[in-house]
Amino acid sequence: MKVLLFTGLGALFFSYYWDDNFDPGGLDYLVLNHLGATPAGSRSRSVQATRWLMQVNFLSYVQLTSLALPSLTDSKGSLVVVSSLLGQVPTSFSRPYSAAKFALDGFFGSLRRELDVQDVNVAITMCVLGLRDRASPAEGVRGVTRAKAAPGPKAALAVIRGGATRAPGVFYPWRFHLLCLLRGWLPHPRAWFVRQELNVTAAAAA
């Protein structure tokens with residue numbers, strides 16, 4: 001079994017050199033879990049911040065997927081995409097990051113439909129995760145969100161389990177599945193839940 005896991009900004013540089021320096025033959029799993037982050041608040045609203053986050057959090061995912069898809073098709077493998085709750089439910093002061101994560105949902109949702117109609121047996125698992133207790137993301141929203149960071153190892157286990165079972169979606173913590181369902185059914189209660197976990201004063205001042 002051959003598994004390729006991308007984490008950190010190294011994946012961004014790897015995507016540009018894959019064609020010449022790496023043979024993905026025999027690949028069974030591709031796990032895309034790299035991200036670029038900016039602090040929540042007004043500093044994250046510039047065009048430059050949006051361009052950077054789209055490059056790291058969306059376009060590199062697209063490029064790596066395009067390069068790996070032939071090998072995954074041959075092996076009937078799995079593509080595991082680690083995304084965020086902000087790619088399903090937008091919140092305040094996160095526009096560039098949320099835009100990139102929504103783009104992931106649209107791209108891989110469309111790709112899943114294309115593979116299905118072509119009878120290509122490649123599973124796509126979209127993982128919707130909340131804030132984890134890793135240093136860089138937690139620091140970026142410190143004081144802005146009241147949400148409690150989930151244990152990183154438990155989130156990783158949920159991702160591994162979802163990829164191994166070829167599940168179409170993973171939500172961790174599980175309550176995020178309910179919040180995503182509320183997006184279309186009950187938009188006003190959803191907005192109330194979002195506000196409960198946001199320190200508006202701190203975010204506006206950032």
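Lys101 is buried but forms no salt bridge, and Asp105, the nearest side chain of opposite charge, is 11 Å away. The model described here is predicted. Lys101 belongs to helix H3. Beyond residues up to four places away in sequence, Lys101 touches Asn57, Tyr61, Val82, Ser83, Ser84, Leu86 and Gly87.

**Surroundings of Ser84**

One of the residues touched by Lys101 is Ser84, which is part of strand S3. Ser84 has a relative accessible area of 8%, so Ser84 counts as buried, the limit being under 20%. The side chain of Ser84 comes to 3.1 Å from the backbone nitrogen of Leu86. Leu86 is also among the residues in contact with Lys101. Leaving aside neighbours within four places in sequence, the contacts of Ser84 are Tyr97, Lys101, Cys127, Val128 and Leu129.

**Overall fold**

The secondary structure consists of 8 helices and 5 strands. Along the sequence, these elements follow the pattern β-α-β-α-β-α-β-α-α-β-α-α-α. The protein has 206 residues, of which 42% count as buried. Among contacts with a separation of 6 or more, 71% are between residues 24 or more positions apart.

**Strands S2, S3 and S4**

Strands S2 and S3 run parallel and are joined by 4 bridges. Within this pairing, Tyr29 has Ser78 in S3 as its bridge partner. S3 also pairs with S4, again in the parallel sense, over 7 bridges. Ser78 has Ala123 as its bridge partner in S4. Ser78 therefore has a bridge partner in Tyr29 and another in Ala123, a pattern set out here without further interpretation.In a regular strand the side chains alternate between the two faces of the sheet. In S2, Tyr29 and Val31 point one way while Leu30 and Leu32 point the other way, and all are buried. The two faces of S4 are likewise covered, with Ala123, Thr125, Cys127 and Leu129 buried on one side and Ile124, Met126 and Val128 buried on the other. Because 7 of the 7 residues of S4 are buried, this strand is largely enclosed by the rest of the structure.

**Nonpolar cores**

The largest nonpolar core contains 21 residues, and Leu30, Leu79 and Phe108 have the most contacts inside it. Strand S2 (29-32), helix H2 (47-75), strand S3 (78-84), helix H3 (95-117) and strand S4 (123-129) each give two or more residues to this core. The most come from H2, which gives 7 residues.

Leu79 touches Leu30, Leu32, Thr65, Leu72, Phe108, Leu111, Ala123, Ile124 and Thr125, when residues up to four places away in sequence are not counted. A second core, separate from the largest one, has 10 residues, including Val80, Leu129, Val170 and Tyr172. Leu129 is also one of the contacts of Ser84.

**Loops and backbone geometry**

The peptide bond that leads from Tyr172 to Pro173 is cis, with omega near -5°. Pro173 sits in the loop between strand S5 (169-172) and helix H6 (175-185). Tyr172, on the other side of this bond, is included in the second core.

Asp119 is not a glycine, yet has a positive phi of about 55°. The loop between H3 and S4 holds Asp119. Arg166, also not a glycine, has a positive phi of about 60°. Arg166 is located in the loop between helix H5 (152-164) and S5.

How accessible are Asp119, Arg166, Asp74 and Ser84? The table gives their values.

| Residue | Relative accessible area | Class |
|---|---|---|
| Asp119 | 73% | exposed |
| Asp74 | 70% | exposed |
| Arg166 | 32% | partly exposed |
| Ser84 | 8% | buried |

Asp119 and Asp74 count as exposed because their values of 73% and 70% are over 50%. Arg166, at 32%, falls between the two limits of 20% and 50% and so counts as partly exposed.

Asp74 is in helix H2, the element that gives the most residues to the largest core. Between the C-alpha atoms of Asp74 and Val120 the distance is 9.3 Å, and the two residues are 46 residues apart in sequence.

Key: Residues are numbered from 1 along each chain as its sequence is written. This is a predicted model: local features need pLDDT of at least 70, side-chain atom pairs count only at pLDDT 80 or more; totals for chains, interfaces and linings use all residues. Side-chain values use heavy atoms; hydrogens and water are left out. A nonpolar core is a set of buried Ala, Val, Leu, Ile, Met, Phe, Trp, Tyr and Cys residues joined through side-chain atoms within 4.5 Å. Buried means under 20% relative accessible area, exposed over 50%, partly exposed in between (1.4 Å probe, protein chains only). Contact means heavy atoms within 4.5 Å. Two strands pair if DSSP finds at least two bridges between them. Lys and Arg count as positive and Asp and Glu as negative; His and the chain ends are not counted. A salt bridge is a side-chain nitrogen of Lys or Arg within 4 Å of a carboxyl oxygen of Asp or Glu. A polar contact is a pair of N or O atoms within 3.5 Å; within protein, one must be able to donate a hydrogen and the other to accept it, and residues adjacent in sequence count only if both atoms are side-chain atoms.
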